[in-house]
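This report describes a single protein chain and its metal site. The account begins with the metal and then turns to the fold and the surface.

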Amino acid sequence: MRCGSNDIVKKVRAADIGRKTTVNLSLEAYKDPDALFFPGKHRAPLKADVCVKCGYVSFSISVEDAIIIKELQKNVD
Ligand SMILES: [Zn+2]
């Protein structure tokens with residue numbers, strides 16, 4: 001990765017502690033960010049690749065999620 005090592009742990013779950021359970025870190029995009037009840041939210045779970053040599057972490061989402069988020073973010077400044 002950044003240091004040139006190929007010793008990478010792929011697709012590690014990125015988690016945070018929710019109120020009662022562990023939740024996935026994720027990206028969220030909204031069709032209508034100002035809507036009170038139905039913003040048309042799309043959530044894309046982040047997966048982390050970790051370099052074992054230097055500890056560098058990079059996040060990614062699925063290509064399908066990336067396409068949807070691109071569409072939803074069109075009207076966001
Ligand atoms: Zn590295």
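In this predicted model, a zinc ion is coordinated at 2.2 Å by the SG atoms of C3, C51 and C54. Along the chain these donors follow the spacing C-x47-C-x2-C. Two of them, C3 and C51, link distant parts of the chain: C3 lies in the segment before β1, C51 belongs to strand β6 (residues 47-51), and 48 residues separate the pair.

The surroundings of these two cysteines can be described by their accessibility. C51 counts as buried because its relative accessible area is 2%, under the 20% cut-off. C3 has a relative accessibility of 36% and therefore counts as partly exposed. Although cysteine sulfur atoms take part in the zinc site, a search of the whole structure finds zero disulfides. A disulfide, in general, is a covalent bond between the sulfur atoms of two cysteines.

**Overall fold**

The chain contains seven strands and one helix. Read from the N terminus, the order of elements is β-β-β-β-β-β-β-α, which places the helix after the strands. The radius of gyration is 16 Å, whereas a compact globule of 77 residues would have a value near 11 Å. Along its principal axes, the C-alpha trace spans about 45 × 35 × 20 Å. Of the 77 residues in the chain, 17% are buried.

**Contacts between distant parts of the sequence**

Two residue pairs show how separate parts of the sequence come together in space. The table gives their separations, with distances taken from C-alpha to C-alpha.

| Pair | Separation in sequence | C-alpha distance |
|---|---|---|
| C51 and V9 | 42 residues | 6.4 Å |
| S60 and K47 | 13 residues | 5.4 Å |

The first pair involves C51 of strand β6, which is also a donor to the zinc ion. In the second pair, S60 is located in strand β7 (residues 57-60). S60 counts as partly exposed because its relative accessibility is 36%.

**Strand β1 and the surface**

Which residues make the nonpolar surface patch of about 200 Å²? The patch is made by V9, V12 and V52. V9 is thus part of this patch and also a partner of C51 in the table above. V12 is found in strand β1, and its relative accessibility of 31% is why V12 counts as partly exposed.

Strand β1, residues 8-13, also holds K11. The backbone of K11 has a positive phi of about 55°, although K11 is not a glycine. Most residues other than glycine have a negative phi. K11 has a relative accessibility of 65% and so counts as exposed, the cut-off for that class being over 50%.

**Summary**

The zinc ion has three named donors, C3, C51 and C54, and the pair C3 and C51 links the segment before β1 to strand β6. On the surface, V9, V12 and V52 make a nonpolar patch, while K11 in strand β1 carries a positive phi.

Note on methods. Residues are numbered from 1 along each chain as its sequence is written. This is a predicted model: local features need pLDDT of at least 70, side-chain atom pairs count only at pLDDT 80 or more; totals for chains, interfaces and linings use all residues. Side-chain values use heavy atoms; hydrogens and water are left out. A disulfide is a pair of cysteine sulfur atoms within 2.5 Å. Buried means under 20% relative accessible area, exposed over 50%, partly exposed in between (1.4 Å probe, protein chains only). Helices (H or I, at least four residues) and strands (E, at least two) are DSSP runs, numbered from the N terminus. Donors are N, O and S atoms within 2.8 Å of the metal (3.2 Å for Na, K and Ca); water is not among the atoms, so sites may look incomplete. Patches are made of residues with over 30% relative accessible area and no salt bridge: like charges are joined within 9 Å, nonpolar side chains (Val, Leu, Ile, Met, Phe, Trp, Tyr) within 5 Å. Accessible areas come from the Shrake-Rupley method with a 1.4 Å probe; for residues, only the protein chains shown count as cover. A salt bridge is a side-chain nitrogen of Lys or Arg within 4 Å of a carboxyl oxygen of Asp or Glu. The radius of gyration is taken over C-alpha atoms; the globule rule is 2.2 Å times the number of residues to the power 0.38.
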